[in-house]
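Subject: Structure handover

Hello,

Here is the structure I said I would pass on to you. Please open it beside this email and follow along; my notes come after it.

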Amino acid sequence: MTIRRTIKWLGVLWMLWGPWGLSTQSALSQETGFAHLRLPAGAVGSALGDAVAVLSGYDAICRQPAVLDRLPVGGAATHRIWLSSQRTYTLAMRTPLRGLGICVSGLDYGELEAREAPGPPIGTFSARYVTAGVGLGRSVGRYAFGGMVRWLGEELEIERATGWSFDAGIQAQFFDGDLLIGALIQHVGEMETLSQQRTQLPSTVRAGASAAVFHLAGDDGREILSTAFLVEHSYLWKDGLHRWHIGTETTLFTEGVVRMGYTTGSALHGFTAGLGFTQDRIRVDYALVPFKQGFGGSGHVFSVSLVR
């Protein structure tokens, strides 16, 4: 590896490691490269403890393709504000063709400071990650299935690499939809070599359940209040990492939503929270992700969904 390439990679590691005092190699591996694919694509899952397998809205398209055939035509746009200057942008759409969806996302680290060691920077460089996927879903009775093929691209200054990945998911509804069980396998694929190294994809298996445990309706039959709980387990098999994702969601008059969640095994965050509001065909969701001590501040996720 050339000195120039080494300086770039050290700069990425220092940006993610040094300023926030990460103390373990496993913590570093959770947040580098395409690790943002481990996170929910939208604000709903982010507020529910990073749950993915049992989501059902538009911002689930990019992570759980089983939802595609059960969604009307529409889409969601998401902006994630993360560590330092990291920004992630995601667009998910359910097209007019039955069960067909697309997902495009980009992660931009902005201008990073290049260092050979802790101390003054010796320059700056950029790092970017882009994904584009096409998914297809089908539903049969209480069951729904889906898959998505994704193209991946990464750029480190003037060097580039591409790759591919595949997701497959299943969901099943019981008790008039009050119980939803879901499972999926994510990010199975491979990247080309970049600077004599291959970026490891966050291949993950997930399974979970969501249950609506309380309903309150008015005299006219209109729902006033409902509460649901979910629990999900994820396993990043290449690193042997297990996580539990726990969340609760309370809906008021089908328009306002309050969410809370918790993720175990994450070096970056634990508790999460969020709000949502629906007006006519537009839904706005927000998630707050307080970072643990040493990382500085909080993450913010904004999603806007539109039904045609």
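Is Thr254 buried, partly exposed or exposed? With a relative accessible area of 47%, Thr254 is partly exposed, because the exposed class starts only over 50%. Please keep in mind that this is a predicted model. Thr254 sits in the loop between β12 and β13. Its C-alpha atom is 7.3 Å from that of Ile224, although 30 residues separate the two along the chain.

A similar pairing involves Ser298, which belongs to strand β16. Ser298 and Leu83 are 215 residues apart in sequence, yet their C-alpha atoms are 8.1 Å apart in space. Ser298 is partly exposed, at a relative accessible area of 28%.

Next, the pocket. The largest pocket has a volume of about 1100 Å³, and 41 residues line it. Nearest its centre lie Ser56, Gly57, Glu249, Thr251 and Arg283. Several strands give two or more residues to this lining, among them β6 (159-174), β12 (241-252) and β16 (298-307). The largest share, six residues, is from β11. By type, the lining has 17 nonpolar, 13 polar and eleven charged residues.

Arg283, one of the residues nearest the pocket centre, also forms a salt bridge with Asp285, at 2.7 Å from N to O. Arg283 is partly exposed at 28% relative accessibility, whereas Asp285 is buried at 2%.

Now the other salt bridges. Side chains of opposite charge can pair when their charged atoms come close. The count for this model is ten salt bridges. Two of them are worth finding on your screen:

- Glu155 pairs with Arg128, with the closest N and O atoms 3.3 Å apart. This pair links distant parts of the chain, as Glu155 is in strand β5, Arg128 is in strand β4, and their positions lie 27 residues apart in the numbering. Arg128 is partly exposed, with a relative accessible area of 33%. Both residues belong to a network of salt bridges with Asp108 and Arg160.
- Asp167 pairs with Arg150, the closest N and O atoms being 2.9 Å apart. Here strand β6 holds Asp167 and strand β5 holds Arg150, 17 residues apart. Asp167 is buried at 0% relative accessible area, and Arg150 counts as buried at 1%.

Last, the surface. Val231, Trp244, Ile246, Tyr262 and Phe271 make a nonpolar surface patch of about 500 Å². Trp244, in strand β12, is partly exposed at 45% relative accessibility.

Regards

Technical notes:
Residues are numbered from 1 along each chain as its sequence is written. This is a predicted model: local features need pLDDT of at least 70, side-chain atom pairs count only at pLDDT 80 or more; totals for chains, interfaces and linings use all residues. Side-chain values use heavy atoms; hydrogens and water are left out. On a 1 Å grid over the protein atoms alone, a cavity is a set of points where a 1.4 Å probe fits but cannot get out, and a pocket is an open set with protein on both sides within 12 Å along at least five of seven lines; lining residues have an atom within 4 Å of a point. Grid points are joined across faces, edges and corners, and a volume is the space filled by probe spheres set on the points. Helices (H or I, at least four residues) and strands (E, at least two) are DSSP runs, numbered from the N terminus. Ala, Val, Leu, Ile, Met, Phe, Trp, Tyr, Cys and Pro count as nonpolar, Asp, Glu, Lys and Arg as charged, and the others, Gly among them, as polar. Patches are made of residues with over 30% relative accessible area and no salt bridge: like charges are joined within 9 Å, nonpolar side chains (Val, Leu, Ile, Met, Phe, Trp, Tyr) within 5 Å. Accessible areas come from the Shrake-Rupley method with a 1.4 Å probe; for residues, only the protein chains shown count as cover. A salt bridge is a side-chain nitrogen of Lys or Arg within 4 Å of a carboxyl oxygen of Asp or Glu. Buried means under 20% relative accessible area, exposed over 50%, partly exposed in between (1.4 Å probe, protein chains only).
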